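Please look through the sequence and the model shown here before reading on. The paragraphs that follow begin with the strands, continue to the interior, and end with a few residues in the loops.

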Amino acid sequence: MFQMQNGQTPATPEFSAFAARMQRLGETFTVRDVMVQLPDMVHVPIGDLERAAALVETERFSVVPESEDDKTVPRVYCTVHPANGDRVITKERETTIADYIPDATPLAEAFLLFDEREWYLTLHANQVAGLITYWEFNRHEFRVQLYTMLSLVEGLSRDILARDGCGVLNDSGIHLLD
């Protein structure tokens, strides 16, 4: 079982308060905050492979949505990025339920979804709301928010370590105690 140096366990009020703060930080931002909104989402008409290939070549899209009505995305062009080459379209396919996540998904959970793929379409009230790609997490605005959150986490961690007596008293590490 995890235990702080001074014997506190996760059941103590101090640890619970820290865990609650960490959870709130992870749930503060949602996919909606970083996704490409539907009106701004670039797509091609269904079957327009030439235009999709041009977007992949110039913009390096990880997926090219296909739509006829600007409201639904029945098909997509999937891409890969070989280690020694440019991103290319691998196939055209219908979208499935596995391609969608709610736009209210907390970013802390969304990070885990990108272990095996680079994109998801998002839903709001059972309608397509936008597109989230792995690369949206690297946009400037999101990075500023992320670094701010990390700074807060670092400060909270430092305070807890100092209160718990985990400071190093010699030159072998960070001196947290005065």
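What you see is a predicted model, and a careful reader should keep that in mind throughout. A good place to start is the open sheet of four strands, whose order is S1-S7-S6-S5 and whose pairing is mixed. Strand S1 (36-37) and S5 stand at the edges of this sheet, and each has a single partner strand, so one side of each is left without a neighbour in the sheet. If you follow S1 to its partner, you find that S1 and strand S7, which covers residues 127-133, pair in the antiparallel sense over two bridges. Within this part of the sheet, Val-36 stands opposite Leu-131 in S7.

Other strands can be traced in a similar way. S2 and S3 are paired in the antiparallel sense, with four bridges between them, and here Val-64 is found opposite Tyr-77 in S3. S3 is also joined to S4 by six bridges, and these two strands again run antiparallel; along them, Val-80 stands opposite Val-88 in S4.

From the strands we can turn to the interior. In soluble globular proteins, nonpolar side chains tend to be buried together. The largest nonpolar core in this model has twelve residues, including Phe-29, Val-31, Ile-101, Phe-114, Tyr-120 and Met-149. The elements that give two or more residues to this core are helix H3 (107-113) and S7. Apart from this core lies another, of eleven residues, among them Leu-38, Val-76, Trp-119 and Val-128.

The aromatic residues deserve a separate look, as the structure holds two aromatic pairs. In one of them, the rings of Phe-114 and Tyr-120 have centres 5.5 Å apart and planes at 85°, so the pair is edge-to-face, a term used here for planes over 60 degrees apart. Phe-114 and Tyr-120 are both buried, and both belong to the largest nonpolar core. Tyr-134 and Trp-135 also form an edge-to-face aromatic pair, with 4.7 Å from centre to centre and 90° between the planes. How accessible are Tyr-134 and Trp-135? Tyr-134 has a relative accessible area of 41% and is therefore partly exposed, while Trp-135, at 42% relative accessibility, also counts as partly exposed.

Tyr-120 leads us on to a charged residue, Arg-117. The charged end of Arg-117 sits over the ring of Tyr-120, at 4.2 Å from its centre. Arg-117 also lies over the face of Trp-119, where the distance to the ring centre is 4.6 Å. Which acidic side chain does Arg-117 meet in a polar contact? The side chains of Asp-99 and Arg-117 are joined by a polar contact of 2.9 Å. Asp-99 lies in the loop between strand S4 (88-94) and strand S5 (100-102), and because its relative accessibility is 2%, which is under the 20% limit, Asp-99 counts as buried. When neighbours within four places in sequence are left aside, Asp-99 is in contact with Arg-93, Glu-94, Arg-117, Trp-119, Tyr-120 and Leu-121, a list that takes in Arg-117 and the two aromatic residues over whose rings Arg-117 lies.

The last stop is a set of residues in other loops. Is Glu-68, which lies in the loop between S2 and S3, buried or exposed? At 56% relative accessibility, Glu-68 counts as exposed. The C-alpha atoms of Glu-68 and Pro-45 are separated by 5.5 Å, although these residues are 23 residues apart along the chain. Once neighbours within four places in sequence are set aside, Glu-68 is in contact with Pro-45 and Ile-46, and a polar atom of the Glu-68 side chain lies 3.0 Å from the backbone nitrogen of Ile-46.

The loop between S2 and strand S3 (75-80) also holds Asp-70, which has a positive phi of about 65° although it is not a glycine. Arg-60 is another residue other than glycine with a positive phi, in this case near 60°. Arg-60 is placed in the loop between helix H2 (49-59) and strand S2 (63-66), and at 61% relative accessibility Arg-60 counts as exposed.

Terms used
Residues are numbered from 1 along each chain as its sequence is written. This is a predicted model: local features need pLDDT of at least 70, side-chain atom pairs count only at pLDDT 80 or more; totals for chains, interfaces and linings use all residues. Side-chain values use heavy atoms; hydrogens and water are left out. Rings of Phe, Tyr and Trp (its six-membered ring) pair if their centres lie within 6.5 Å; planes under 30 degrees apart count as stacked, over 60 as edge-to-face and the rest as tilted. Buried means under 20% relative accessible area, exposed over 50%, partly exposed in between (1.4 Å probe, protein chains only). A charge sits over a ring if NZ of Lys or CZ of Arg is within 6 Å of the ring centre and within 35 degrees of the ring normal. A polar contact is a pair of N or O atoms within 3.5 Å; within protein, one must be able to donate a hydrogen and the other to accept it, and residues adjacent in sequence count only if both atoms are side-chain atoms. Contact means heavy atoms within 4.5 Å. Two strands pair if DSSP finds at least two bridges between them. A nonpolar core is a set of buried Ala, Val, Leu, Ile, Met, Phe, Trp, Tyr and Cys residues joined through side-chain atoms within 4.5 Å.
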